[in-house]
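Dear colleague,

Please find below the structure that I am handing over to you. My notes on it follow, and I would be grateful if you read them with the model open.

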Amino acid sequence: MLTIVLIDDDPISTFVTEKLITKNVKEPCQFYKYQSAKTALNEIYDIRPNYLFLDLNMPEMTGWDFLDHFDSQKNEAEIYILSSSVDERDINKASKYQVVKDYLSKPLIKKYIKNIFN
């Protein structure tokens, strides 16, 4: 079973992402959804997800803050930034994080899912 963590303060975006993955991935998936990156960071090492989708612009702790505190030695999740920002500076900044597999723009689309899960 695939374990997937969705970190996004927008519940509609999280709902859409979960439905799209469920519909297009053959393996059964277990989802953990967080509206707070801070809460997710506290629980992530116990969950040990295969995949993690991270929004950047959130209150309290941003996606950048999450990445700065995330210890990739304790977790081998494939991390994908899923953001509505198409700012080149964000895309360039994301590429500087070794743990980030890719920068995807919202909403998640079928083509991205096929690339990620195949």
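**Notes on the structure**

R48 is exposed, with a relative accessible area of 52%. Please bear in mind throughout that this is a predicted model. R48 belongs to the loop that runs between α2 and β3, and its phi is near 50°, a positive value in a residue other than glycine.

A second residue of this kind is E60, whose phi is near 65°, again positive although the residue is not glycine. E60 sits in the loop between β3 and α3. Because its relative accessibility is 63%, E60 counts as exposed.

The loop between β3 and α3 also holds D55. Is D55 buried or exposed? Its relative accessibility is 5%, so D55 counts as buried, the cut-off being under 20%. Leaving aside residues up to four places away in sequence, D55 touches I7, D8, D9, G63, L82, S83 and K106.

K106, one of those contacts of D55, also takes part in a backbone feature that you may wish to view: the peptide bond from K106 to P107 is cis, with omega near -10°. P107 lies in the loop between β5 and α5 (110-117).

I turn next to the interior. The largest nonpolar core has 24 residues, and those touching the most other members are I7, L52, F66, L67 and I81. Which elements each supply at least two residues of this core? They are β1 (2-7), α2 (37-47), β3 (51-54), α3 (63-69), β4 (78-83) and β5 (100-105). The most comes from α2, which gives five residues. Apart from this core lies another, of 16 residues, including I4, I21, V25 and F31.

I81 deserves a separate entry. Not counting residues up to four places away in sequence, its contacts are L54, L56, W64, L67, A94, V100, D102, Y103 and L104. Among them is L67, which is listed with I81 among the core residues that touch the most other members.

The loop between α3 and β4 contains two residues that I noted. N75 is found there and is buried, with a relative accessible area of 2%. What does the side chain of N75 reach? It reaches the backbone oxygen of I44, at 3.3 Å. Beyond residues up to four places away in sequence, N75 touches I44, Y45, R48, P49 and F70. The exposed R48 is thus one of the residues in contact with the buried N75.

D71 is found in this loop as well. With a relative accessible area of 27%, D71 is partly exposed. The C-alpha atoms of D71 and Y45 are separated by 8.9 Å, while the two residues are 26 residues apart along the chain. Y45 is also one of the residues that N75 touches.

Finally, the surface. I12, F15 and V16 make a nonpolar patch of about 310 Å². Of these, I12 has its place in helix α1 (residues 11-24). I12 counts as exposed because its relative accessibility is 62%, and the cut-off for exposed is over 50%.

With kind regards

Methods. Residues are numbered from 1 along each chain as its sequence is written. This is a predicted model: local features need pLDDT of at least 70, side-chain atom pairs count only at pLDDT 80 or more; totals for chains, interfaces and linings use all residues. Side-chain values use heavy atoms; hydrogens and water are left out. Patches are made of residues with over 30% relative accessible area and no salt bridge: like charges are joined within 9 Å, nonpolar side chains (Val, Leu, Ile, Met, Phe, Trp, Tyr) within 5 Å. Accessible areas come from the Shrake-Rupley method with a 1.4 Å probe; for residues, only the protein chains shown count as cover. A salt bridge is a side-chain nitrogen of Lys or Arg within 4 Å of a carboxyl oxygen of Asp or Glu. Helices (H or I, at least four residues) and strands (E, at least two) are DSSP runs, numbered from the N terminus. Buried means under 20% relative accessible area, exposed over 50%, partly exposed in between (1.4 Å probe, protein chains only). A nonpolar core is a set of buried Ala, Val, Leu, Ile, Met, Phe, Trp, Tyr and Cys residues joined through side-chain atoms within 4.5 Å. Contact means heavy atoms within 4.5 Å. A polar contact is a pair of N or O atoms within 3.5 Å; within protein, one must be able to donate a hydrogen and the other to accept it, and residues adjacent in sequence count only if both atoms are side-chain atoms.
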